[in-house]
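Student: Please take me closely through one part of this model, the charged side chains and the loop among them. I would like the cut-offs stated along the way.

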Amino acid sequence: APLAAVALGPPLFEADAARALRLPLALAREALRVAEQRGVLCRDEGGAEGLTFYRNFFAEASAAAETA
């Protein structure tokens, strides 16, 4: 597996989310953006496949640091 996939976890593409959620692409895109606003996902706009989302490790690290 590429180093980025190991470090960031698997990418989540808009089209994959639409299929998994059985939603039109526009609604899946909105669901992903809401998850980003809530701090669950981080967005990468530079990919060839359009917007790519990853699990937000920053929020997890911050929460872990607060409880330590």
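Tutor: Arg22 lies in the loop between H2 and H3, where helices (H or I, at least four residues) and strands (E, at least two) are DSSP runs numbered from the N terminus. The model is a predicted one, in which local features need pLDDT of at least 70 and side-chain atom pairs count only at pLDDT 80 or more, while totals for chains, interfaces and linings use all residues. Residues are numbered from 1 along each chain as its sequence is written, and side-chain values use heavy atoms, with hydrogens and water left out.

The backbone of Arg22 has a phi near 55 degrees, which is a positive value in a residue other than glycine. With a relative accessible area of 77%, Arg22 is exposed; here exposed stands for over 50%, buried for under 20%, and partly exposed for what lies in between, with a 1.4 Å probe and protein chains only.

From this loop we can turn to the helices that it joins. A salt bridge is taken as a side-chain nitrogen of Lys or Arg within 4 Å of a carboxyl oxygen of Asp or Glu, and four salt bridges are counted by that rule. One of them pairs Arg29 with Glu14, whose closest N and O atoms are 2.7 Å apart. This pair links distant parts of the chain, since Arg29 belongs to helix H3 (residues 25-37) and Glu14 to helix H2 (residues 14-21), 15 residues apart. The two partners fall into separate accessibility classes: Glu14 counts as buried at 9% relative accessibility, whereas Arg29 is partly exposed at 30%.

Within H2 there is also a pairing of Arg19 with Asp16, for which the closest N and O atoms are 2.4 Å apart. Both residues lie in that helix, three residues apart, or about one turn of the helix. Arg19 is exposed, with a relative accessible area of 56%, and Asp16 is partly exposed, at 31%.

Further along the chain, Glu45 forms a salt bridge with Arg43, their closest N and O atoms being 2.8 Å apart. Glu45 counts as exposed at 55% relative accessibility, while Arg43, at 32%, counts as partly exposed. These two residues do not stand alone, for Glu36, Arg43 and Glu45 are linked in a network of salt bridges.
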